[in-house]
Structures are given as C-alpha cells and as structure tokens.
Amino acid sequence: MPIIDVEIPKGALKDDCKHELPEKLGHIAIEYEGLSGSKFAEEFTWLYIHEYPATHVTQVSGKLPKPIYRVTFTTLETLLDDERKHMLGVDVAKAIYEAEGSKWNPEEAHNRVWTFFKDVRQGDWIAGSLINNIPDLQERVEKERAAA
C-alpha cells in the first residue's frame with residue numbers, strides 16, 4: 001500500500017491516460033505486495049502525478065527525443081524484497097510505455113523510465129493518529145478477506 005509519485009513532462013500522456021495510469025500502477029503495486037483484491041489496500045494506495053513543463057524535464061545532453069519519467073514508491077521497509085522491486089519496476093515501465101502508446105523497448109526504457117523505492121522504517125509512517133506497520137496492515141487485510 002504505497003504512496004506512488006509519477007513525474008512526467010507536460011504533454012507526454014493524453015489526459016485519459018493520466019487518469020488510467022494511476023489505477024494501473026496502484027494495482028500493479030498491490031499485486032506485488034500480495035494484497036490483490038483488498039478494498040482497504042486500494043483505498044490506502046495513493047498516487048500523485050506531478051506534471052512539469054516539458055522544458056523542466058530534460059537531460060544534460062540536450063533536448064529529449066522522447067519523454068522521460070521518474071516513478072517513486074514510498075513503502076514500509078521489508079514489504080517488498082529486491083526481486084519484487086525489480087519486477088515491479090519492469091511492469092511500471094511497461095505500463096508507462098502502454099499509456100503513451102509506445103511499443104515496449106527494454107533497451108530504450110533503460111534511459112526513459114526510472115523507478116525508485118523509498119523504504120520507510122516501521123514507526124516512521126503515521127497515518128492520521130496510527131502508526132503504519134506491516135503486521136497491522138496485514139491483519140486488516142486478512143479480516144477483510146475473511147469477511148468477504
């Protein structure tokens with residue numbers, strides 16, 4: 001149940017894709033966290049799209065031939081291991097390529113879509129007045145599944 005920040009240059013994605021991408025990325029993340037199908041996990045996964053003027057997203061080498069993207073997942077530490085992070089990053093890049101209508105190209109994506117993870121130590125994430133921790137989140141999801 002991460003916080004997902006997607007940074008894009010203005011005009012890189014059509015408006016309808018900017019509305020579809022958050023839901024898709026959120027569901028991809030929830031799946032890798034092992035929480036698919038949880039309404040609680042969906043409500044607890046927030047996504048922010050930060051759209052910058054195209055001139056504010058660039059490379060030192062000069063004008064970009066195609067848009068570049070930066071995606072950051074803020075999650076509780078140990079929720080995702082290195083393998084899951086890697087697979088999640090690949091699926092995120094593929095989802096962005098799909099959203100912009102481009103054919104998947106892993107070599108090109110290497111320099112166009114970067115995914116970062118910020119692991120928050122348990123006890124350092126307060127949701128309202130409650131400490132956000134993995135055992136409590138998993139218990140809530142298990143109760144939700146049992147009630148279904």
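This note sets out numbered points on the fold, the enclosed and open spaces, and one backbone feature of the structure above.

1. Status of the model. The structure is a predicted model, and the points below should be read with that in mind.

2. Secondary structure. The chain contains five helices and six strands. From the N terminus onward, their order is β-α-α-β-β-α-α-β-β-β-α. The pattern thus opens with a strand and closes with a helix.

3. Overall dimensions. The radius of gyration of the chain is 16 Å, which agrees with the value near 15 Å that a compact globule of 148 residues would have. The C-alpha trace extends over about 50 × 30 × 30 Å along its principal axes.

4. Contacts and burial. Among contacts with a separation of 6 or more, 79% join residues that lie 24 or more positions apart in the chain. Of the 148 residues, 39% are buried. The accessible surface of the chain amounts to about 9,100 Å², and carbon and sulfur atoms hold 53% of that area.

5. The cavity. How many cavities of 30 Å³ or more does the structure hold? There is one. The space in the largest cavity is about 30 Å³. Its lining is formed by M1, L35, L79, I134, L137 and Q138. By class, five of these lining residues are nonpolar and one is polar, while none is charged.

6. The largest pocket. This pocket has a volume of about 280 Å³. It is lined by 15 residues, and those closest to its centre are V57, T58, I68, Y69 and R70. Three elements each supply two or more residues to the lining, namely β1 (3-9), β3 (69-76) and β4 (113-120). Which element gives the most to this lining? It is β4, with three residues. The lining of the largest pocket comprises eight nonpolar, four polar and three charged residues.

7. The second largest pocket. The second largest pocket holds about 200 Å³ of space. The residues that line this pocket are F40, F44, A127, L130, I131, N132, N133, D136, L137 and R140. The elements that contribute two or more residues here are β6 (130-131) and α5 (134-147). The largest share, three residues, comes from α5. By class, six residues of this lining are nonpolar, two are polar and two are charged.

8. A residue in two linings. L137 deserves a separate remark. It belongs to the lining of the largest cavity, and L137 also appears in the lining of the second largest pocket.

9. Backbone at T78. What is the phi of T78, a residue that is not a glycine? It is positive, at about 75°. As a general matter, most residues other than glycine have a negative phi. T78 sits in the loop between β3 and α3 (82-100). Is T78 buried or exposed? T78 counts as exposed because its relative accessibility is 66%, and the cut-off for that class is over 50%. A reader who inspects the loop between β3 and α3 may therefore wish to look at T78 with both its positive phi and its exposed state in view.

Notes:
Residues numbered from 1 in each chain as written. Predicted model: local features only at pLDDT ≥ 70, side-chain atom pairs only at ≥ 80, totals over all residues. Heavy atoms only, no water. 1 Å grid on protein atoms, 1.4 Å probe; cavity = no way out; pocket = protein on both sides within 12 Å on 5 of 7 lines; lining within 4 Å. Points joined across faces, edges and corners; volume = space filled by probe spheres on them. Nonpolar A, V, L, I, M, F, W, Y, C, P; charged D, E, K, R; others polar. Helix = DSSP H or I, 4+ residues; strand = E, 2+ residues; numbered from the N terminus. Rg over C-alpha atoms; globule rule 2.2 N^0.38 Å. Buried < 20%, exposed > 50% of the residue type's maximum accessible area, 1.4 Å probe, protein only. Contact = heavy atoms within 4.5 Å. Areas by Shrake-Rupley, 256 points an atom, 1.4 Å probe, with all protein chains shown as cover.
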